[in-house]
Amino acid sequence: MRNRLRLLLGAYGPALFVSLFAVGFVVTVLVLGWLESRGLDQRWIGYIFLFLTLLVFALVGLFTRTSDVAEYFVAGRRVPAMYAGMSAGTDWLSAASFIGLAGALYQSGYQGLAFVIGWTGGYVLLALLLAPYLRKFGQYTLPDFLVARYGGHTIRLLSAFAVMIASLIYVIAQVYGVGLITSRFITLQFEIGVYLGLAGVLVCSFLGGMRALMHAQAAQYVILLIAYVTPITILAFEQTGVPAPPVLYAQTMQRLVSLEQEVFNRPEEVAVRRMYAERAKVLENRIASLPESLNVERRAISERIERMKATDAPVRDIVKLERERRAMPETARAAHADWRNELKDARHRSVTPVDDLQAFALPEDASSRANFLALIFCLTIGTASLPHLLMRYYSIASVSQARRSVFWSLLFVVLVYLLAPAYAIFVKLEVLQHLVGVPVESLPSWVVAWTRIGLISIDDINHDYLVQWAEISISPDVIVLATPEIAGLPYVISGMVAAGGLAAALSTAEGLLLSITAALSHDIYFKMLRPDASSSWRLIVSKSVMVGVAIVAAAVAVQRPASLVDMVAWAFSLAGAGLFPALVLGVFWPRANRQGAIAGIVTGLAVTIYYIVRVRFDSIPWLGWYGIGMDPWFGIEAAAAGVFGVPAGFIVNMLVSLLTKPPSMESLQFIERLRYPRILYNRESTPRGDTEPGRHV
Amino acid sequence: MSEIIQQQRAYWRKTMAVTLSLLLIWFLVTFVASYFSQWLNQWTFLGLPLGYFIGAQGVLFIYPMLIGVYALWMNRLDRQFGVEEQ
């Protein structure tokens, strides 16, 4: 009887778990909504949601705790396809997808579709070129695979480095997302929110590793999906009267575009844009005449303050000016950096905006089509080589299941992505209808709330005390989080969206932490430094490494180094340039050898890092580098740096391989074995998976 | 022995054919359609200009289909050539 129960649980357990969890989540939201109508404080709703999200992690971790290495890193290699797909989907859906995607579409309309296309198109490459072969190989990490194919410690060190740098940048972006959400909804300090979120993640990964991750992520998918679909459905219902998720938004899109064309051509908008163009010109001159211009500016502002004090101007204005004076840059270098940013902003606002349907027509840069394609390229390649995603395919039961599993994970991802443009469209419509033309004194309450934490700002440049489109600056990260407030929904829905965002950010952070940990503890410590370490000692090392990495990530994230989407795009470029050529050539081109792989990885990473650093940063103060900024090549932005790094990696890999000795017999046999799910000449009736090369646990 | 090797070679050739043909469709949808997006916008599909529709919704149907076809096709090929896992 007990055995039968177990079997039943084994077969239907995952589905049962997910559906029970969904019901539980909906009931919780309803109960909280009822409590809110009874006067429960908003702050408590925020706390409860945060607590619940973390509790799920902790409980799953507790129930699936393990001290077995294979269980810890690859969940015992017996996860069924659909369940693995669901959890890989959640692993994939990060803060960037949940918060950033709709934001990118809001900000740049058609141009933002590069993210939709790239992030889903990469799955095709993953499914066709990598997933089944990695599963056939079946060890623990990507460096394991590359070493088995090419051999040697150098390749392990290099690929572990590539894995770590890409994952670390990506995890910092997630942690940043956690800080953003907690600081708005739970009014915790940004820093405290970051550390609290990480603590929850650590409890889960710490105890259960990959196995805990599988279950926790399936549960989080439920939170994430409900949280993403509900607010936009209600907002769309208010606008269109159709009570269904707005997958078909064509009509609203047409309304939006005609409204955009009308608003953008209003005389006051044109005037405001001209004022920004003038400001840009002033800034340009000021930058050109540094360092004298800094003194001129400082004197000018002081004189103005003196004059105001003498003429009994309102104290508020004087205080404002004094604050401005204090915020003035101290040195010419700092002024250069500050003013460059202001100049960029002013230039951006001075151009006529394009409507959402217009493809590649950002007039300020003629290379927008090239950038669009380049970004798609980087994101697809990056998707197919992000280590935390690829590692998933080691944990699946068989090669054929691995093929199916990619299908399921993409399907779960697509469910979310289908609605991202709807968010952008409906929120923009709302902004154009109910924010543009409103007096600055009586802004909608959601605008006020987000202004307070600095993510929305209104700059009344023409002093007409009315809001113009060009005067609004909304951080794209706000769009999804603010939608419930824009739709006038009770706070509980905002809390739910925050919980969804947290689930997305934390689950991805967890997958990434696990992959960094594996690189450090498995590849570098166990395989290179101490091959004789016992398996329990290996796990102890892994877990301590994980805590260390988490702390580093949090410490960097609290510095807020760049915007969410930027950091994510860099991680993709780096992963793609470092790993993709070596992986794909390793599977499909027998002639690729160790020297080629090493040269390819080094070149790919070097080109990408060089490009990002020099195009994106003008100075890195803590290294003492100043004035290193350069003009982009062919107008390609730093986000798409991989478009140079990946081909460079491929070309160098192939050239060096051809110039050096062909790979050994061993590598050739390895490739041969990789190609067939079962080897025919082995003729033994093997239990699944046991013919794999090098399976010694 | 050599018969088995030949069979394996044939399996691999088929695999490459499947992979390459699906990748070709993928490339057309991803890069060629995006490149000509402006030109495609002269037609509308489900109320949206075609170029925009492909980027925003079309790919979200085509990509899962490509992967689904690959999984079914390859799993059948495995059985056909007797290289499936037991």
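Colleague: How many residues does each chain put into the contact between chain A and chain B?

Modeller: Chain B gives 43 residues and chain A gives 42, where two residues are in contact if their C-beta atoms, placed from the backbone, lie within 7 Å. This is a predicted model, so local features need pLDDT of at least 70 and side-chain atom pairs count only at pLDDT 80 or more, while totals for chains, interfaces and linings use all residues. Residues are numbered from 1 along each chain as its sequence is written, and chains are lettered from A and ligands numbered from 1 in the order in which they are written.

Colleague: Which elements of chain B give two or more residues to that side?

Modeller: Helix H1 (2–35), helix H2 (37–40), strand S2 (48–49) and helix H3 (50–80) of chain B do. Helices (H or I, at least four residues) and strands (E, at least two) are DSSP runs, numbered from the N terminus. H3(B) supplies the largest share, 17 residues.

Colleague: And by class, what is on that side of chain B?

Modeller: There are 24 nonpolar, 16 polar and 3 charged residues on the side of chain B that touches chain A. Here Ala, Val, Leu, Ile, Met, Phe, Trp, Tyr, Cys and Pro count as nonpolar, Asp, Glu, Lys and Arg as charged, and the others, Gly among them, as polar.

Colleague: Switching to chain A. What is its secondary structure?

Modeller: Chain A has 26 helices and 2 strands. Its C-alpha atoms fill a box of roughly 95 × 65 × 45 Å, taken along the principal axes.

Colleague: What share of chain A is buried?

Modeller: Of its 697 residues, 51% count as buried. A residue is buried if 20 or more other C-beta atoms lie within 10 Å of its own, exposed if 12 or fewer, and partly exposed in between, with C-beta atoms placed from the backbone.

Colleague: Which residues have the most contacts inside the largest nonpolar core?

Modeller: Ile169(A), Ala173(A), Val175(A), Tyr423(A), Ala571(A) and Ile67(B), in a core of 227 residues. Helix H9 (residues 190–240) of chain A gives the largest share of this core, 22 residues. A nonpolar core is a set of buried Ala, Val, Leu, Ile, Met, Phe, Trp, Tyr and Cys residues joined through C-beta atoms within 7 Å.

Colleague: What does Tyr423(A) touch?

Modeller: Leaving out residues up to four places away in sequence, Tyr423(A) touches Ala102(A), Ile232(A), Ile479(A), Val480(A) and Thr483(A). Ile479(A), Val480(A) and Thr483(A) are among the buried residues of H20(A). Helix H20 (residues 479–486) of chain A is mostly covered, with 7 of its 8 residues buried. Just after H20(A), Gly488(A) takes a positive phi of about 70 degrees.

Colleague: Now H11(A). Which of its residues are buried?

Modeller: Val272(A), Arg273(A), Tyr276(A) and Leu283(A). Seen down the axis of H11(A), they fall within an arc of 100 degrees, so they line one face of the helix; the arc is that of the directions from the helix axis to the C-beta atoms. These buried residues pack against helix H14 (332–350) of chain A.

Colleague: What sits on the face turned away from the buried side?

Modeller: The exposed residues Pro267(A), Asn285(A) and Ala288(A) are on that face of H11(A).

Colleague: Which peptide bond is cis?

Modeller: The one joining Leu290(A) and Pro291(A), with omega about 0 degrees. Pro291(A) is in the loop between H11 and helix H12 (292–310) of chain A.

Colleague: Where is His463(A), and what is its phi?

Modeller: His463(A) is in the loop between strand S1 (456–458) and strand S2 (472–474) of chain A, and its phi is near 50 degrees, a positive value in a residue other than glycine. Tyr465(A) lies in the loop between S1 and S2 of chain A and has a positive phi of about 55 degrees. Most residues other than glycine have a negative phi, and most peptide bonds are trans.

Colleague: Is Tyr465(A) buried or exposed?

Modeller: Tyr465(A) is exposed, with 10 other C-beta atoms within 10 Å. His463(A) counts as exposed, with 7 C-beta neighbours inside 10 Å.

Colleague: Last one, Ser87(A): buried or exposed?

Modeller: Ser87(A) is buried, with 31 other C-beta atoms within 10 Å. Its place is in helix H4 (residues 81–92) of chain A. Ser87(A) and Leu213(A) are 126 residues apart in sequence and 7.9 Å apart in space, C-alpha to C-alpha.
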